[in-house]
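Me: Can you walk me through this one? I want the cavities and the cysteines, plus some overall numbers.

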Amino acid sequence: MKNERVLVVDDEQLIRWSLRSGLEEEGYTVGEAGSGKEALAALAQDDWDLVFLDHRLPDTTGLQVLERIHADNPDVCVVMMTAFGTVEDAVQAMKLGAYDYLTKPVRPDEMVVVAAKALETTRLRREVRRLRAERQDQFGKFKIVGTSPAMAEVLAMVEKICASPATTVLLEGESGTGKNVVAKAIHYASPRRDAPFVNITCSALTESLLESELFGHERGAFTDAKTQKKGLLEVAAGGTAFLDEIGEMGPAMQAKLLRFLEEKSFKRVGGTRDIKVDVRIIAATNRDLDQDVHDGRFRQDLYYRLEVIPIRIPPLRERQEDIPALAQHFLDEFNRELRRETEGLTPAAIALLLAHDWPGNVRELRNVIERVMILEDKHVIDAGDLPTFRKTAEPSGDDGAPEVGRRLPVGRLSLDELERAAIRQALDASGGNQVRAAKLLGISRDTLRYRIKKYELGGDQGS
C-alpha cells in the first residue's frame, strides 16, 4: 500500500530532504518536522502510519517524543535514527516501543526495506485492534438483547462479574437460551478481553480426548501423539475457557477439573510437570446439576466449586416481552449477512411470534428469522411469511377468541408500537380479560399488567 503517510523528524534539513525524496519515490506521502514540538503538533493534527525519529532534537530528546507517540498512537511504528548511537540507547528505545533503530547516515535501500516492514506491522496492529473492537461490540454485555426484568437481572450479574476478579462462573439454562452469548459477553467486557476466549463442548468428545483437548499432551503420550500439544486451558492463559455442557463430563474428568480449579495447575497427558495458568472458567449446562449431584451423576465438590457465581439464563417463554427486540436484532443481522433491506415485521407477525411458546428458545427464534429471510425477499415480514406459527396463534376451543394478529395494521412501526398493537388486540379479543389476553399472548399475567401500565391500555382485572 503506497498511500501511507510517513513523518520524518530530524533537525537537519538536508537529512529530511534526503529521506523524503527516497520515500516519495516509493510512493509514500511524506511530512517533515524539525523539532520535537513540531513532531507532536503534526501527530496531533494528522494521522501517520510511520515515523522516522532522530535521537537528538534541539528542544527535547527522541526518546521523550517516542514515549508520547507510543502513549497517544500505540499502533504507529517508530524507527529511531542517530549518528551517536550506543547499545544502551538502542535498548532503551526498544523498551519504549521503537520498531527499529538505524545509524546515520541511513542508506536508501535500508530505509526502504525498514519502511515496508514497519508499515506492514502498523497495518497488522490496526487490524488486530479493529477485530478486538468488533468482537467487543458484538459480544459486550450491553449487546445482550433484552429489557425484560428477567434479563435485567442477568445483565446486572454480568456487569458485576466483569468488574470482579472471580474466575469461575456457572451458566444454567435450557438449550438455546443464549449461554454462549452471555459467556462471550462476560469475556469481552472484562479486563481479559485481549486474551483468548476458547470453548469446548464436553459432550462432543470421549473422556480421553476431552482430557487431551483441555490439558494437552506430551509427545509419545499415546499412539498418535507425534508432537507435544498445548491444551485449551494453556492456550486460554489470561483469558477465558468456556466449558459447555459441563453436566455431560465423565467422573474421571470431573476429578481432574476439580484439581485444576483448586490448584490452578495441571499436567499434560503423559507429562510430569505442573503447569500453572490464570484462566477464567465459565461452565454451562442445560441439566439440573443439583439433581445430578443428588443422583450421584455429578461430583458435589465440583458443583460447589463451579457455582461460585451462578447465573440462570431464563427461557424465552419467561421473557416474551423481549421477542420483538430479538426478532429485529436477528433481522438486522441477516440483512447484513444476506445483503437484504428488510425493514421489519408487521404487528401481525409480531403477534404470531408472541403467541408461540418457543421450546427451542432464542436459538429457535433466530432460526425462524433466518429461514424467512432466506425464503422471502420482502421489505416487511408479515404473518403469512411465518407458516410455522399459523396454528400456534390459534386460540383453544374453550375461549372462542379470534386469531391474534388478524386485524393488526401492516406498516412501518416501532417495536413499542408493534407490541402495543399486539396487546391491544389481545385485550379486544378477550373482552378486556387480562388472564385470557395473557394466555393469547403467551406471557404471564404480571408481564401483561406491566405492559398495560407502560402503554396506558385499558382492560379489566378479571380472572
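Reply: What follows goes through the overall make-up, the cavities and the cysteines of this predicted model.

Me: Start broad. How many helices and strands are in the protein?

Reply: The protein has 18 helices and 16 strands.

Me: And what share of the residues counts as buried?

Reply: Of its 463 residues, 48% count as buried.

Me: What about the surface, how much area does the protein expose?

Reply: About 23,000 Å² is exposed, and carbon and sulfur atoms supply 49% of that area.

Me: How much of the contact set comes from residues 24 or more positions apart?

Reply: Taking the contacts with a separation of 6 or more, residues 24 or more positions apart account for 70%.

Me: OK, cavities. How many of 30 Å³ or more does the structure hold?

Reply: There are two cavities at that cut-off. The largest has a volume of about 50 Å³, and the second largest holds about 30 Å³ of space.

Me: Which residues line the largest cavity?

Reply: Its lining is made up of E321, L354, E419, I423, L441, I443, T447 and R451. Two elements, α16 (415-429) and α18 (445-455), give two or more residues each to that lining.

Me: How does the lining of the largest cavity split by class?

Reply: Four of the lining residues are nonpolar, one is polar and three are charged. The charged ones are E321, E419 and R451, while T447 is the polar one.

Me: Now the second largest cavity. What lines it?

Reply: L66, I69, H70, P74, V76, V78, G97 and R125 line the second largest cavity.

Me: Which helix gives the most to that lining?

Reply: Helix α3, residues 62-72, gives the most, with three residues. L66, I69 and H70 are the lining residues that fall within that range.

Me: And the classes there?

Reply: The lining of the second largest cavity divides into five nonpolar residues, two polar and one charged. R125 is the charged residue, and H70 and G97 are the polar pair.

Me: Switching to cysteines. How many disulfides does the structure hold?

Reply: Zero disulfides are present.

Me: Remind me what a disulfide is in bonding terms?

Reply: A disulfide is a covalent bond that joins the sulfur atoms of two cysteines.

Me: Is C77 buried or exposed?

Reply: C77 counts as buried, because its relative accessibility is 1% and the cut-off for buried is under 20%.

Me: And C162, buried or exposed?

Reply: C162 also counts as buried, because its relative accessibility of 6% falls under the 20% cut-off.

Methods:
Residues numbered from 1 in each chain as written. Predicted model: local features only at pLDDT ≥ 70, side-chain atom pairs only at ≥ 80, totals over all residues. Heavy atoms only, no water. 1 Å grid on protein atoms, 1.4 Å probe; cavity = no way out; pocket = protein on both sides within 12 Å on 5 of 7 lines; lining within 4 Å. Points joined across faces, edges and corners; volume = space filled by probe spheres on them. Helix = DSSP H or I, 4+ residues; strand = E, 2+ residues; numbered from the N terminus. Disulfide = S-S within 2.5 Å. Buried < 20%, exposed > 50% of the residue type's maximum accessible area, 1.4 Å probe, protein only. Contact = heavy atoms within 4.5 Å. Areas by Shrake-Rupley, 256 points an atom, 1.4 Å probe, with all protein chains shown as cover.
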